[in-house]
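Subject: Structure handover

Hi,

Here is the structure I promised to pass on. Have a look at it first, and my notes follow below.

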Amino acid sequence: MKKISFQDYLPFIFLAIIAIIGIFIPSLPNFADTSKYNSADIAWILVASSLVFLMTPGLSFFYGGMVNKKNVISTMMQSFIATGLISIVWVVVGFSLAFGSSYHGLIGDPRTFFMFQHVGSGGPWSLAPTIPLLLFALFQMKFAIITPALVVGAVAERIRFTSYVLFMVLFSLLVYAPIAHWTWHPDGILFKLGVLDFAGGTVVHITAGCAALAGALVLKRRKDHIEKKELQPANIPFVLLGTGLLWFGWFGFNAGSALSAGSLAATAFATTNTATAAAGLSWVFFDVIRGRKPSALGFCIGAVVGLVAITPAAGFVAIPQSVFIGFIAAIISNVAVHWKSKTSIDDTLDVFPCHGLGGMVGMLLTGIFATKTINDAGNNGWFYGNFELFKNQVLGLLLVVGYSFTVSYGIFKLINLIHPLRVSEEEEELGLDVTQHNENYHPSLISISDNGSLKEEDELVHS
């Protein structure tokens, strides 16, 4: 049997401690005053929360289909594990850091909702007065889950599973929670500045994109990337399935961010679908005029870029302008992916060009096309004569980019000092499915025995 080190015990020990602490947290009555809530709003946000949750499995298929056949399961697992990991982190302290009592607009008090105390019994969130605070917290949990899962695409095929688990925890606490607080808490510094982010352009996509770039730089290049080997995606139907699940779930992501079942949710639903459609077509047609054939992979990537770009704008812009947002975001990301392929940056699945830049484009175009005609709680953008909003969007973008990249880079470096980030050269060659999880997606004669050594199998293993 493989020798188990003290480091192997730590995750289990931490989880056990949290479970034991939970025993002693006092129980409080749920929803003492229900008269203020709206049943239709509760029903819609319950559905929207479920849709957002579905996005993480969708992301797993999207990423898993694009990597090499020997890394399909490991890539999917690195994303999917966030559903369990970040759910616990969010309950323990994540929600408090993001939405607890504010320390100078920078971070929430970790004691406010520690272990979800007062979440079930507390009054509603000030910006979501018609749904229970617990439902608001659960809806926001799904955003916190998918954000670190997005980063996986940049470091896939070479990062240790245990190291990435630790990154997810630290990223959620040190990057995601503070920026969520800045942007969505009424006392947050970006909220007070007037920065508009309807559903997560800064909080989710720019933070994930910048963390992805930091991870790619710290982990450096894969051997196949150095040798300029062109590896074919393992399963294009997986990519199509993942895109469909993401597109479907994104309606909850964006329309759910209206936090009520009203006309604003309908508008966000419509702008989301329209921008996504425009972006998918834009990517494919742009490929054609550059001499490439229209591809399923291209449409899928373009559609996801459109979903990313419309996210900050979904509830602030009109439907016609959403066509332009999707159209131009896809072209910018397409060009960026092509440019990146000529550099030494090894962002495996182009997370920064698609999510990072897509989020930035969306934030800036929100500052141009936002209109109070669509959302009274928003503002008019530059296109409607208010340059001040565009300026605020730029300032907010620069702050988030600088903070998320710097802190994420530091997290990757710190983890590498504690525990190696990269797998060995032999493990990378054999593939992470076998070496990290002892599982195979693709027929293989290689597996790992109980003592950790490689062995040949008589039968093909499929997982």
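Let me begin with helix α15, which runs over residues 387–418 and holds both K391 and E388, three residues apart, or about one turn of the helix. An α-helix has 3.6 residues a turn, so residues three or four places apart point the same way. The side chains of K391 and E388 do meet, in a salt bridge with an N to O distance of 3.1 Å. Neither end is buried: K391 is partly exposed at 35% relative accessibility, and E388 is partly exposed too, at 40%.

There is also a salt-bridge network, in which shared partners join E157, R158, R222 and D346. Before I go on, please keep in mind that this is a predicted model. The chain averages a pLDDT of 92, and 94% of the residues score at least 70. The stretch to treat separately is 456–463, where pLDDT stays under 50. For those residues the model has 15 contacts beyond four places in sequence.

Back to the charged pairs. The structure holds 13 salt bridges. Side chains of opposite charge can pair when their charged atoms come close. One of the pairs in that network is D346 with R222, at 2.7 Å from N to O. D346 sits in the loop between α13 (319–340) and α14 (351–369), and R222 in the loop between α8 (201–219) and α9 (223–226), so this salt bridge ties together parts that are 124 residues apart in sequence. Are the two partners buried or exposed? D346 has a relative accessible area of 2%, which is under the 20% cut-off and therefore makes it buried. R222 is buried as well, with 11%.

D350 belongs to another bridge: its side chain meets that of K340 at 2.6 Å, N to O. Here the pair links D350, in the loop between α13 and α14, to K340, in helix α13, and the two are 10 residues apart. Both count as buried, D350 with a relative accessible area of 16% and K340 at 10%.

Next, a histidine pair. H355 is found in helix α14 and is buried, with a relative accessible area of 4%. What does its side chain make a polar contact with? The partner is the side chain of H205, at 3.3 Å. Leaving aside neighbours within four places in sequence, H355 is in contact with Y63, L150, H205, I206, V304 and V308.

A quick geometry check on helix α11 (residues 263–289) came out fine. At 1.5 Å a residue, its 27 residues should span 39 Å, and the end C-alpha atoms are indeed 39 Å apart, so the two values agree. Just after α11, G291 takes a positive phi of about 90°.

Finally, the record. An unreviewed UniProt entry carries the annotation "domain: Ammonium transporter AmtB-like" over residues 43–440. Within 43–440 the chain is 69% helix and 1% strand. The end C-alpha atoms of that stretch are 40 Å apart.

That's what I have so far. Shout if anything is unclear.

Cheers

How values were computed. Residues are numbered from 1 along each chain as its sequence is written. This is a predicted model: local features need pLDDT of at least 70, side-chain atom pairs count only at pLDDT 80 or more; totals for chains, interfaces and linings use all residues. Side-chain values use heavy atoms; hydrogens and water are left out. A salt bridge is a side-chain nitrogen of Lys or Arg within 4 Å of a carboxyl oxygen of Asp or Glu. Helices (H or I, at least four residues) and strands (E, at least two) are DSSP runs, numbered from the N terminus. Buried means under 20% relative accessible area, exposed over 50%, partly exposed in between (1.4 Å probe, protein chains only). The expected span of a helix is 1.5 Å times one less than its number of residues. A polar contact is a pair of N or O atoms within 3.5 Å; within protein, one must be able to donate a hydrogen and the other to accept it, and residues adjacent in sequence count only if both atoms are side-chain atoms. Contact means heavy atoms within 4.5 Å. UniProt positions are given in the numbering used here, feature names are shortened, and annotations may be inferred rather than shown by experiment. pLDDT is the predictor's confidence in each residue, from 0 to 100.
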